[in-house]
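Me: I should like a careful reading of the model shown below. Please begin with the whole and then turn to a single part in detail.

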Amino acid sequence: MAFFATPRSLTRLGCRQRLFFRSFSSEHATDNDIVVVGGGPAGLALAAALVSNPTAKKSLKIALIEAGDLSKIQDWSMPSDAYSNRVSSITDASQHFLDRIGVWDYVEHERTNPIHQMQVWDGISGARISFDASEMLESSEMARMTENLNLQRALLRKLSDTPSVEVIQTVKVESIQREAGDRNDWPLVHLSNGAILRARLLVGADGFNSPVRSFAGISSYGWSYDTQAVVATLNHAPRGPFQASNNTAYQRFLPTGPIAFLPLSPGISSLVWSTKPHIAAALSKLSPGVLEQLINAAFRLPEPSLEYIYRRLLEGATSKEEIKEEVAFRERSDGISSHSAYASAMSMVSDGGIPPDDADALPPLVTSIQPGTIASFPLRYNHAESYLGEGAGSRTVLVGDAAHSVHPLAGQGLNLGLGDVDALSRCIIQALTHGGDIGSYTALMPYARERYFENHKVMAAVDKLHKVYSSTAQPVVWARSVGLEVINELDSVKAALMMNAGASSRLQNASGWDLLAKSVESLAGAARTSKTVGGMVGVGMQELAKSASQRLFGRP
């Protein structure tokens, strides 16, 4: 295949040849079988999946357009003790897909970290559910954490070793038009460098504000949440010799939003803290040494004490000494022992010593935040009404964030996008193998049928979960807390939930983070079972619920 490349594209990255990045101007449209708009993980993974198939690699002419500078990602490198703040949990199903298309070998495995356990609990009642990969038969890990840049770099390296995809970087899509004439109305993609690409199939992997979705006339529905996410890379002491390694993910659901602690290495983890916009703005502006104290407190203090800390923060108490004094005061007021894992400002627990009995129930204390990693962004729910264009927007298909955006409390985004890419690549290869038109609506329908409802189920569960845990109404708190405690006692149910959530490569791709959503939704079914089945099963469910209620609230 011929490539038009600048001389700098002939330099090498290690032993790998760099991708050829095309940069030219032409008054005439260039025919392509597939044009992918968007060089994020979804777009790159689709290109890699297609060229991993010998028939597609030989038959298809593929172009990928990215407005950013992909050479920076291909050259990306960080010290071993520094991590990017954009990370994702890759499920076993996603790993299986990446391995099948030959990408996983290019991932820097030293910068990935397995999740063996999850601890999730209610910020008001303290009701807790735990998941352990040892309860599953097939996999030794629930998911694997990695930086998004590590995955993107791996995809670029894969494409550079199989240069069957023309990657056009630092070029924007100026417009997309419908060609008139006898070429079956192929889309024409006009680029900022003057080039025009004619596409048999146009793939939108171009994010939430997708130009491809706009061209196809596909509307979407959704809403913005009254929350913002604060992310950062955290330093902390490694787990001691009497504790398990740093392979447990923690998430506490607070009324203002969930806070998650995601392990990256023995002494480094990632923070995703969803909270109200005014609180997020205040947190993002804090000086070093202050945010760390608030993160530790957010995992440990009772919810009323956290509300008090928030008020003091918004009133202007932003110095390290003021915040430490406020947190220490609340710990004393709440009767938290300085030798308990729930103590942070008053903690007398020494690193490397014998840990408190409750040490594994909480993440390690944050000691510092890596410079330049604090960031904040708004959260939204959005789902395209269709993944396929019709009529004037035909020969278009959407994947990843162009098709759907979901609350990050479940870490769903990347895994859902990879699930889209897996399904679409199989659909294209199937049409190609049978001599079909890869851009036709009929050929693409199996992709839409497979992915739309699957994505909607997960997105709806996560949205419900966010809304349920935003409530402070006592009946709602009681119901969700008892539900968690009941599910937590049923090991076989938890194992089934983990497998259904993508921790098994045989099943549809979701994410370990939707376990809680599935657990809460299962409560209604469990309640119906206890009323309908009767006998030992019904009595057992009722006794579990009664026991959980007494343990949490001190009453039946």
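What is the accessible surface of the protein, and what percentage of it belongs to carbon and sulfur atoms? After that, please look closely at the open sheet formed by S5, S9 and S6.

Reply: The accessible surface of the protein is about 22,400 Å², and carbon and sulfur atoms account for 53% of that area. The model is a predicted one, with a mean pLDDT of 84, and 81% of the residues are at 70 or more. Mean confidence is highest in strand S20 (residues 396-398), at 98, and lowest in strand S1 (residues 12-13), at 34. Residues 506-514 have a pLDDT below 50, although the model gives this stretch 48 contacts beyond near neighbours in sequence. Residues 523-541 also stay under 50, with 10 contacts beyond four places in sequence. Where pLDDT is low, the predicted coordinates should not be read in detail.

The chain has 556 residues, of which 57% are buried, and its secondary structure consists of 16 helices and 21 strands. Among contacts with a separation of 6 or more, 75% join residues that are 24 or more positions apart.

Now to the part requested. The open sheet has three strands in the order S5-S9-S6, and their pairing is antiparallel. Strand S5 (87-91) and strand S6 (112-115) are the edge strands, each with pairing on one side only. From one strand to the next, the twist averages 30 degrees. Five bridges connect S5 with strand S9 (residues 143-147) in the antiparallel sense, and Ser89 has Met145 in S9 as its bridge partner. Helix H5 (residues 148-161) packs on this sheet and touches S5, S6 and S9, with a direction at about 85 degrees to that of S9.

A residue of another helix leads from this sheet to the core. Leu414 belongs to helix H11. Apart from neighbours within four places in sequence, its contacts are Pro41, Ser88, Ile90, Asn148 and Leu151. Ser88 and Ile90 fall within the range of S5, residues 87-91, while Asn148 and Leu151 fall within that of H5, residues 148-161. Leu414 therefore touches both an edge strand of the sheet and the helix packed on the sheet, and it counts as buried because its relative accessible area of 16% is under the 20% cut-off. The C-alpha atoms of Leu414 and Thr91 are 9.8 Å apart, although 323 residues separate the two in sequence.

Helix H11 (residues 413-433) also supplies the largest share of the largest nonpolar core. That core has 75 residues, and Ile34, Leu98, Leu202, Val203, Leu424 and Tyr447 have the most contacts inside it. The share from H11 is 10 residues. Tyr447 is in contact with Leu424, and also with Tyr387, Leu388, Val397, Leu398, Val399, Asp420, Ala423 and Cys427, leaving aside neighbours within four places in sequence. A second core, separate from the one just described, has 35 residues, among them Ala282, Phe299, Tyr310 and Val327.

For context, pairing elsewhere in the chain deserves a brief account. Strand S14 (residues 220-236) includes Thr227, and nine bridges join S14 to strand S19 (residues 375-384) in antiparallel fashion. Within this pair, the bridge partner of Trp223 is Tyr381. S19 also runs antiparallel to strand S21 (residues 404-405), to which two bridges join it, and His383 has His404 as its bridge partner there. Thr227 is buried because its relative accessibility, 3%, is under the 20% cut-off. Beyond residues up to four places away in sequence, Thr227 touches Thr256, Thr275, Lys276, Pro277, Pro378, Leu379, His407 and His466.

Two loop residues other than glycine have positive phi values. Arg395, in the loop between S19 and S20, has a phi near 65 degrees. Thr170, in the loop between strand S10 (165-169) and strand S11 (173-178), has a phi near 50 degrees. Arg395 counts as buried, at 9% relative accessibility, whereas Thr170 counts as partly exposed, at 46%.

Technical notes
Residues numbered from 1 in each chain as written. Predicted model: local features only at pLDDT ≥ 70, side-chain atom pairs only at ≥ 80, totals over all residues. Heavy atoms only, no water. pLDDT = per-residue confidence, 0-100. Helix = DSSP H or I, 4+ residues; strand = E, 2+ residues; numbered from the N terminus. Contact = heavy atoms within 4.5 Å. Core = buried A, V, L, I, M, F, W, Y, C linked by side-chain atoms within 4.5 Å. Buried < 20%, exposed > 50% of the residue type's maximum accessible area, 1.4 Å probe, protein only. Pairing = 2+ DSSP bridges. Axes fitted to C-alpha atoms, helices over the stretch in contact; angles between N-to-C directions. Areas by Shrake-Rupley, 256 points an atom, 1.4 Å probe, with all protein chains shown as cover.
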